Amino acid sequence: MTLQTSRRAFLGGTAAAASMMVVGLRSDGALAAGDTRAEINPFVRISGDGTVEVVLKHFEMGQGTSTGLTTLVAEELDADWDKIAIDFAPADDVRYKNLFYGMQGTGGSTAIANSYMQYRQAGAAARHLLVEAAARTWSVPASSISVERGIIRSGDISADFGEMVKLASTLTPPQNPAVKDPSQFRLIGREDLSRKDSASKTDGTATFAIDVTIDGMVYVTILRAPRFGGRLVSFDASGADGMPGFIEAKALPEGRGVAVYAEHTWAAIQAREMITVEWDLSAAENRSTDELAAYHTALLAEPEYQVRAGITTADVDAAIGEADGVIEASYSFPFLAHAPMEPLNCVIEPTENGVRIHDGCQMPGGIKPTLAHVLGLDQDNVEVVTVFAGGSFGRRATPTSDYQVEAALAFALLGGTTPVKLVWTREDDIKGGYYRPMAAHHARIGVTDGTIAGWDHRIAVKSILKGTVFEQFLVRDGVDHISIEGLADTHYALPTLAVGLTDAQSEVPVLWWRSVGHTQNAYVMETLIDRIAAETGRDPVEFRLKLLADGTRDQQRLAGVLGLAAGHAGWGSPAAGRFQGVAVHKSFESYVAEIAEVSVHDGRIKIERVVCAVDCGVAVNPDVVRAQMEGGIGYGLGAVMRNKITLTSGEVDQWNFPDYEPLRIDDMPVIEVHIMPSAEPPTGVGEPGTPPAGPALANAIAAATGTWVTTLPMTDAGIEFV
C-alpha cells in the first residue's frame, strides 16, 4: 500500500527518530502528558529535535483554522512560529469534540471560538512542563526561567525545547495552567504571521483527498436519478463493455443509483455515459421552478407557526390597518448550490479489522458512526484520516454523510477488499447536490409619524433540520430556528413584529449554505429597514442607530460596527457618481456592518467598493479575519448578482460554472475591512461577512436607481452589471 503523503512521511520519520512529548486535555478536562507511545488526547507534540506539532481538531478548507489553532498554542508555549508544524487529528469525539456541539466537527463558524481557551491551555501546560524540566536540569528556580521563540533560558544557560522533552514528558502537568494576560500576547493579534497552509498549497505538497492513491484502488462514479426522489429500477451496462479502463457497474441498494467502476476517473465518467437506466420517478420532484415559487407564495397566506412569543400575525393587523401608511413587499429567493472548488471525493480502503477513509472531513463525529452502521462495523474499526479540503461552504457536512456513504456502499459492493476512490464531478454536485432552500417572504409594515406601528412578516421555506438526526435537538415547538434566524431574533427595537412561518415541502434536498438562514433573512430585514427609512425621510444609518438605541449588549456592538463602517466609508458623502447602501447584521455571535458603493454606467451597475467593519471579539489572526470577510463578501455578492438553481419538470437546469457563474475577478470590488478592537472572546468569522453583502448592494442600487430588488438573483429583476 502506498499513500502519497510526503508531509506525513516527513513528520512520521521525525517522530520515529526522536523522543517526543505529548500534552493535551483528557476527556474529563484534565491535562495530561506522555510520550509518543502513550498519547493521551494530544493537542501539542514536541519532538526531540525541537519540532513542535499542533494537532488540529478542525479541518482546513481554506478558512484558516490551521493558522488560528496553531497561533493559540504557539502563543502560550512561546514557540518559534517558523518551527511549528500542523497535523490533523484523527476522528475521536471524546478527545477532539467541538465544545459547542459535543461531537467532532467544523461548522457554524465555531472553530476558533470553541477552541480559544482549550488550545491556549494546552500550550501553557506544555510550556510549564518544559520550564519545570529545565529548572530540575539546571538546578535553578523555575521563576528564573524565560521562554522565547522556542528557547528556554536562565541567566547564561539556554536550551531548545527538544533538549528538555525527555524529562518533561515524565512530569505531571498542571491541571489548571495559567494563561497569559492579553497584554503579554506576542502572536495573538499579530498582523504578519504567515499562514500555516500556504507553503504546502503553493508547492503542491498539501494532500487533498483527490491526491490520495492506494495500491490496487479503483475509481467509482455514481449514476444517479435525474430528478430528486427518483429510484433505480434496472440498468444495462453493455454499452460500456470493452471501453478502455471500464471494470464493471453495480446497482446501489435502495435504488440509489449505479456505481460505475473503472481504472481511472475519466474512464468511469465515460463509461457512465454509456449505461442505460430505467428510473421510477413516480415519487420524484416533478415541479418546475415557477411552480415551486408559486407554491411557496401560496403558503404565505396561512402561516403554520407563529414564532415570536406574545405577538401574532393577527395581533398586528389592527395596528397596520390604523397606520398612516403601509409598506408592503414580497421577496423570492432561489435555490443556491455550494459549488466548492474541489469536487466532492474521498477514498476508502480496508484495514485489518475495518476501514479507513481519507476525506477532507468536515464532520468526523458524524461520519464514523454512519460508516460503521452502513458497513456493519464497530465504530472503533472505522478510521478517518482528515486531509485538506478545497472549499465547502457547508456542503461537506450533511446529516446523511451522503458522499461518504456512497463510497462505503461502492466499497462494500466489491466485497470490502478493494480500495475505492469515489469522485463526484462538479456537474454531479450542481445538478444533484444539496442546496440553500428556495424561500418566499411577504411583509406588511404600518408606519405612523415615522414610527413602525405594526409589522406582519411571513416566511415560507423548507426546513433544513426536520427529518434529520438534528430535529430532536434543534427544532422547538415545530419551528426550525434556521428558517427564521436573523429576522425573528432581530436586535432592532421592533416590539410590533410578528413572524409567521410555514414549512415548504419538496423532494429537493436542502442544506446549510454559508451563513445558512441569515442570508435570506438579513437581505429582507435590511432592505426593508432601508425602505422604511427612505419612505419616512430618514438617513439609513441614523434610522438604524435609533432602532439600536436601547443599549443592550448586542445593540451596542451592532451600533459600534455600524459607526465604524460609516466613518471609514465616508457615509453620506460618496464621490461624485457613486451611491451608497448600508447593512448591519449579527450572525454566529459576530457583528458586521457593510457599506457598498456603486456607480451606474449606461444603466449597468458597477460595484466599486465595500467597506466592512467586524466585531468578532479578539482577532486571533487579523489577516485571516480580513480574508474571511473578503471571501464572505465576495461569496454573498456573487450569489445575489446572478446565482440560481432552477428546475424544469423537476430536473436541475444548471450543470457547471458556465451556467452557475461564480463571482469573477473583475466583479470583485475594492474591499476594506476594519476590525473593532475587543477583549471579548473570539467569535465566528467564516460566515458573518456574507449576510450583509447582498442587502448593502441592494440598498446602494436602490439609492442609485430607485429600484428595490426583491426577486433574486438581481439579474432576474432586470439589474445588469458592468
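Buried here means under 20% relative accessible area, a cut-off worth keeping in mind for the views below, which all come from a predicted model.

**Close-up 1. Strand β18 is a mostly covered strand.** Spanning residues 355-359, β18 has five of its five residues buried. Follow the side chains and you will find Val355, Ile357 and Asp359 pointing one way from the strand, with Arg356 and His358 pointing the other way. Both sets are buried, the charged Asp359 and Arg356 among them.

**Close-up 2. Strand β17 meets β18 in an antiparallel pairing.** Here β17, residues 345-350, is joined to β18 by four bridges. The connection between these two strands is a hairpin that passes through four residues. For a handy landmark, look for Ile348, whose bridge partner in β18 is Ile357. That Ile357 is also one of the buried residues of β18, pointing the way that Val355 and Asp359 do.

**Close-up 3. Strands β18 and β19 pair in the parallel sense.** This time the partner of β18 is β19, residues 382-386, and the pairing covers five bridges. Asp359 of β18 has Thr386 as its bridge partner in β19. Bring helix α10 (residues 364-375) into the frame, and β18, α10 and β19 together make a β-α-β unit that is right-handed.

**Close-up 4. Helix α5 has a buried side and a face turned away from it.** In this helix, residues 161-168, the buried residues are Phe161, Gly162, Met164, Val165 and Ala168. They line one face of α5, because they fall within an arc of 160 degrees when seen down the helix axis. On the face turned away from that buried side sit Glu163 and Lys166, both exposed.

**Close-up 5. Trp279 is a buried residue of strand β13.** The strand runs over residues 276-280. Is Trp279 buried or exposed by the cut-off above? Its relative accessible area is 19%, and buried means under 20%, so Trp279 counts as buried. Do look for Arg231 in this view as well: it is 48 residues from Trp279 along the chain, yet the C-alpha atoms of the two are separated by 5.5 Å.

**Close-up 6. Leu99, Phe100 and Tyr101 form a nonpolar patch on the surface.** Together these three residues have about 290 Å² of accessible area. To find the patch, start from Phe100, which lies in the loop between α3 (93-96) and α4 (111-138).

Terms used:
Residues numbered from 1 in each chain as written. Predicted model: local features only at pLDDT ≥ 70, side-chain atom pairs only at ≥ 80, totals over all residues. Heavy atoms only, no water. Patch = residues over 30% accessible without salt bridge, like charges linked within 9 Å, V, L, I, M, F, W, Y side chains within 5 Å. Areas by Shrake-Rupley, 256 points an atom, 1.4 Å probe, with all protein chains shown as cover. Salt bridge = Lys/Arg side-chain N within 4 Å of Asp/Glu carboxyl O. Buried < 20%, exposed > 50% of the residue type's maximum accessible area, 1.4 Å probe, protein only. Pairing = 2+ DSSP bridges. Right-handed = clockwise from strand over helix to strand, strands pointing away. Arc of directions from axis to C-beta.
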